[in-house]
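Biologist: Please take me closely through one part of this model. I would like its residues, its neighbours and then its wider setting.

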Amino acid sequence: MSITVRDCLFLPTLSLGYVAAGENGLNNIVNRIDVIEFILDEDEFATPNVLFITAFHAIRDNVEAQCRALYRYKKLGASAVVLFYSDLVIHSLDRKVIQTADELNLPIIKLPGSDLGLHYCDVIEEVMEAIFIDRKQFENILSNTLDMISRLTPDRQNIRTLLEFASGFVKSSLFLCDNANRLIDSACWPRNNSIDQLQEVISSFDSHDMPDNVSTVRLTYGITSFYRKGFTVKPQTDLILYASCRNNVLSSLSLDQITEMIRIFVSIWNYNLDFSNRNSMLTLLLTGNYELVGKLSSDNAIDLSEYDTLLIAERRPDYNDTSESSISSRLCKELPPDAFLSETTAEREIALIKSDSSTGVLADPDKLAFLSRYRFITVEEHFDPFSLKEFYTGYCNSLDAITKIFRMRSVFSAEQIKFADWCLRLNEGSSHEKSTYLEKLSLLRDPKHKDTLETVETFLLDAGSEIKTTAELLYIHRNTVQHRLRKVQEITGLNAAVLPDSYTLYVAAALHRISQVHGE
């Protein structure tokens with residue numbers, strides 16, 4: 001059991017308000033509550049499952065800024081937004097703000113607009129009390145953690161996120177190391193604490209004789225306590241969890257709970273923490289642990305510069321054939337033995353491959369033909385492995401957009417993913433540039449031009465600007481395609497077959513497909 005937005009609505013203060021938008025997000029988990037009236041660009045630290053309180057005071061007269069703020073709140077981990085003093089500050093929620101919240105599944109709880117007797121601290125006190133009561137049960141901690149991680153985008157389903165959640169729960173700094181005391185990842189408390197503290201913790205234990213038969217050891221220096229707990233995760237990987245806290249806020253039981261969280265996470269998400277094994281290379285690259293990447297490369301004589309082809313294969317949402325062998329087993333058979341593979345979820349596999357391998361993907365692309373029947377595939381040659389973390393984050397953020405933009409494709413290039421990510425940010429950002437592009441299609445959005453609009457979108461986004469392919473995809477004659485493209489030029493003044501007009505229409509078509517799904 002975990003506290004959700006829906007549960008919070010039964011608290012005395014929040015029961016005074018109502019859900020003005022984003023009702024589909026009422027089951028979002030709430031782990032924290034915070035006040036947010038402005039966001040600094042350099043302060044983008046995401047904290048999952050936060051109930052944000054705001055009055056939109058700094059952006060009270062700017063509807064577009066309010067929409068952008070909702071996108072930013074969601075990116076920062078918002079579960080919901082509690083809107084105070086609306087009648088006095090913004091007066092009413094604009095339709096665009098409501099649409100944005102609905103699109104993001106981000107509930108906006110609107111409190112009595114002119115009631116100055118209701119204070120931020122009243123809501124904070126009640127929400128935190130509910131969270132504290134919920135946290136007292138160990139089963140809740142485990143279910144809460146797993147539920148929270150399952151709701152995150154795949155690029156954030158990693159050990160760092162788990163440690164950050166646990167660190168916030170126990171109000172202590174946590175350092176996960178291998179059995180040689182090499183740092184795997186950490187989370188400091190308070191958040192701005194220095195990771196250099198790890199060396200202080202390790203040195204404290206090294207200066208004492210520790211019994212071999214004790215799994216958890218505690219040292220106390222004044223108001224500061226240091227902990228060390230050894231444990232094992234599959235497959236027989238020995239780890240050490242170090243912790244530091246002040247004023248005895250941490251207990252051995254809490255450490256047991258955290259190590260159990262790690263075990264469950266490793267098991268469910270198939271997460272490799274054996275960083276002495278070359279198969280953990282992708283895990284290290286995805287988390288940006290370049291120090292261990294260098295150590296692993298050195299120990300195994302790996303030259304990462306040779307691995308310049310990236311492949312991401314993903315199950316189609318509408319594919320339900322359980323008789324097929326797993327994507328992991330098929331790729332293991334088809335890819336060269338020196339390729340790096342990582343099954344990030346049961347639905348997705350990532351591979352780094354040497355493009356010059358005689359048995360590699362580029363030498364025989366037909367070996368991966370089986371994937372195109374039921375997978376999305378991304379292949380990028382000349383890929384820099386050290387950019388994998390940034391690229392994968394963009395991929396996860398834009399996957400929904402790319403499947404809407406290139407709706408008839410099953411194989412995407414890295415450039416298309418980057419383009420989808422750019423369109424997504426453009427759609428979330430200033431309306432002026434987006435409107436400039438969409439205006440190019442304004443006349444074509446008339447229902448009587450539905451077929452013409454569909455044809456130019458298919459021509460540009462799905463058919464690679466090929467007349468023949470467009471005709472095949474739409475089951476029409478190629479002459480019909482040519483006639484409709486001429487009609488596009490007559491209506492818009494833009495030639496879909498000639499630059500720069502074609503690029504303008506390309507962007508406009510992509511934005512239209514995104515906004516069309518969102519009901520704009």
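Modeller: What follows starts with the ground rules, goes to the chosen part and then widens out.

This is a predicted model, where local features need pLDDT of at least 70, side-chain atom pairs count only at pLDDT 80 or more, and totals for chains, interfaces and linings use all residues. Residues are numbered from 1 along each chain as its sequence is written, and side-chain values use heavy atoms, with hydrogens and water left out.

The chosen part is centred on phenylalanine 406. Phenylalanine 406 sits in the loop between α13 (388-405) and β15 (411-413). Helices here are DSSP runs of H or I with at least four residues, and strands are runs of E with at least two, numbered from the N terminus. Phenylalanine 406 has 1% relative accessibility and so counts as buried. Buried means under 20% relative accessible area, exposed over 50%, and partly exposed in between (1.4 Å probe, protein chains only).

What does phenylalanine 406 touch? Setting aside residues up to four places away in sequence, its contacts are Phe412, Gln416, Phe419, Leu461, Asp462, Tyr506 and Arg513. Contact means heavy atoms within 4.5 Å. Aspartate 462 is 56 residues from phenylalanine 406 along the chain, yet their C-alpha atoms are separated by 5.8 Å.

Now take leucine 461 from that list. Leucine 461 belongs to helix α16 (residues 450-462). Its relative accessibility is 0%, so leucine 461 counts as buried. Beyond residues up to four places away in sequence, leucine 461 touches Ile405, Phe406, Arg409, Tyr506, Ala509, Ala510 and Arg513. Tyr506 and Arg513 are thus among the contacts of leucine 461 and also among those of phenylalanine 406. Leucine 505 is 44 residues from leucine 461 in sequence, and their C-alpha atoms are 9.9 Å apart.

Next comes a helix elsewhere in the chain. Helix α18 (residues 478-492) has 15 residues, which should span 21 Å at 1.5 Å a residue; its end C-alpha atoms are 21 Å apart, in agreement. The expected span is 1.5 Å times one less than the number of residues. Val481, Arg484, Leu485 and Val488 are the buried residues of α18. Seen down the axis, they fall within an arc of 105°, so they line one face of the helix. That arc is taken from the directions from the helix axis to the C-beta atoms. An α-helix has 3.6 residues a turn, so residues three or four places apart point the same way. Just after α18, glycine 493 takes a positive phi of about 80°.

For helix packing, go to α7 (residues 159-170) and α9 (residues 252-268), whose axes come within 11 Å and cross at roughly 160°. Axes are lines fitted to C-alpha atoms, for helices over the stretch in contact, and angles run from 0 to 180 degrees between N-to-C directions. The two helices are therefore roughly antiparallel. Angles over 145 degrees count that way, under 35 as roughly parallel, 65 to 115 as roughly perpendicular and the rest as oblique. Residues of α7 in this packing include Leu162, Ala166 and Phe169, and those of α9 include Ile258, Met261 and Phe265.

Finally, the whole protein. It has 19 helices and 15 strands. Buried residues make up 52% of its 520 residues. Of the contacts with a separation of 6 or more, 65% join residues 24 or more positions apart.
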